[in-house]
Amino acid sequence: MTDDLETLAEFMDGSYYSAKDQNQKLMGFLCFGKNAQVPGGVKAEAYSNKQLTDLGIGMNPKFTGRVLEEAFIQEAIEFGREQLQIRGYRLSVAEFNLRAIKVYERVGFEKKQVFENREAKNKTNFVLMEKSNNF
């Protein structure tokens, strides 16, 4: 129960936004800041550059693998720039998610670092990517 309350509190802290299409169907969510960080990255001190804002993206699987995915990410970046005055971005993506990494690269993110994230008995490598302030 405590985990559920902590998760709910995180979703309600103002760092999460929903994204809908023109028909008001949920396309996904965005989050900015600490909630977009991966625990293994915190441990590896991957998030030390305070000039960048962490971006978390979750898309409805119906929209992934299409041109909409790239547009979704570009809109997320623009939203952060216009509404939150964000000037530089950083994101963490599972290393095995090659499709997402390619999409992030197409919109201007560059690979910077790989770190390990451990949860229980599982470990996953994550790629830290950054988008320069020149956008």
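Helices (H or I, at least four residues) and strands (E, at least two) are DSSP runs, and both are numbered from the N terminus. The model shown is predicted, so local features require pLDDT of at least 70 and side-chain atom pairs count only at pLDDT 80 or more, whereas totals for chains, interfaces and linings use all residues. Residue numbers start from 1 along each chain as its sequence is written, and side-chain values use heavy atoms, with hydrogens and water left out.

**View A. The open sheet comprises six strands.**
Two strands are taken to pair if DSSP finds at least two bridges between them. By this rule the strands follow the order β1-β2-β3-β4-β6-β5, and their pairing is mixed. Strands β1 (16-20) and β5 (109-119) form the edges, each pairing on one side only. On average, neighbouring strands of the sheet are turned by 30° against each other, direction ignored; such angles run from 0 to 180 degrees between the N-to-C directions of axes, which are lines fitted to C-alpha atoms, for helices over the stretch in contact.

**View B. Strands β5 and β6 run antiparallel.**
Strand β6 spans residues 122-131 and is joined to β5 by 10 bridges. Within this pairing, Phe109 stands opposite Lys131 of β6. A salt bridge is a side-chain nitrogen of Lys or Arg within 4 Å of a carboxyl oxygen of Asp or Glu. One such contact links Arg118 to Glu116, with the closest N and O atoms 2.9 Å apart. Relative accessible area classes a residue as buried (under 20%), exposed (over 50%) or partly exposed (in between), with a 1.4 Å probe and protein chains only. Arg118 is exposed at 56%, while Glu116 is partly exposed at 32%.

**View C. Helix α4 lies across four strands.**
Helix α4 (residues 98-106) crosses β3 (53-59), β4 (89-94), β5 and β6, contact being defined as heavy atoms within 4.5 Å. Relative to β4, the helix runs at about 160°. Ala100, Ile101, Val103 and Tyr104 are the buried residues of α4. Viewed down the helix axis, these buried residues fall within an arc of 160°, so they line one face of α4; the arc is that of the directions from the helix axis to the C-beta atoms. The face turned away from the buried side carries the exposed residues Leu98, Lys102 and Arg106. Just after α4, Gly108 adopts a positive phi of about 110°.

**View D. Salt bridges involve two residues of the α4 region, Arg106 and Glu105.**
Side chains of opposite charge can pair when their charged atoms come close. The search of the whole structure finds nine salt bridges. In one of them, the side chains of Arg106 and Glu70 meet at 2.9 Å, N to O. Arg106 belongs to helix α4 and Glu70 to helix α3 (residues 67-84), so this pair ties together parts that are 36 residues apart in sequence. Arg106 counts as exposed, at 53% relative accessibility. The side chains of Glu105 and Lys111 also form a salt bridge, at 3.9 Å, N to O; Glu105 is partly exposed, with a relative accessible area of 38%. Elsewhere, a network of salt bridges links Glu78, Arg81 and Glu82.

**View E. Aromatic rings pair in the structure.**
A pair of aromatic rings is described by the distance of the centres and the angle of the planes. Rings of Phe, Tyr and Trp (its six-membered ring) pair if their centres lie within 6.5 Å; planes under 30 degrees apart count as stacked, over 60 as edge-to-face and the rest as tilted. By this rule the count comes to six aromatic pairs. Tyr17 and Phe32 form an edge-to-face pair, 5.8 Å centre to centre with 70° between the planes. Because Tyr17 lies in strand β1 and Phe32 in strand β2 (residues 26-32), the pair ties together parts that are 15 residues apart in sequence. Tyr17 is partly exposed at 26% relative accessibility, whereas Phe32 is buried at 8%. The rings of Tyr47 and Phe115 have centres 6.2 Å apart and planes at 75°, so this pair is edge-to-face. Tyr47 sits in the loop between α2 (39-43) and β3, and Phe115 in strand β5, so parts that are 68 residues apart in sequence are tied together. Both Tyr47 and Phe115 are buried. Ring pairs also link Tyr17, Phe32 and Phe79 into a cluster.

**View F. Pro39 lies in helix α2.**
Pro39 is exposed, with a relative accessible area of 57%. The C-alpha atoms of Pro39 and Asn117 are separated by 6.6 Å, although these residues are 78 residues apart along the chain.
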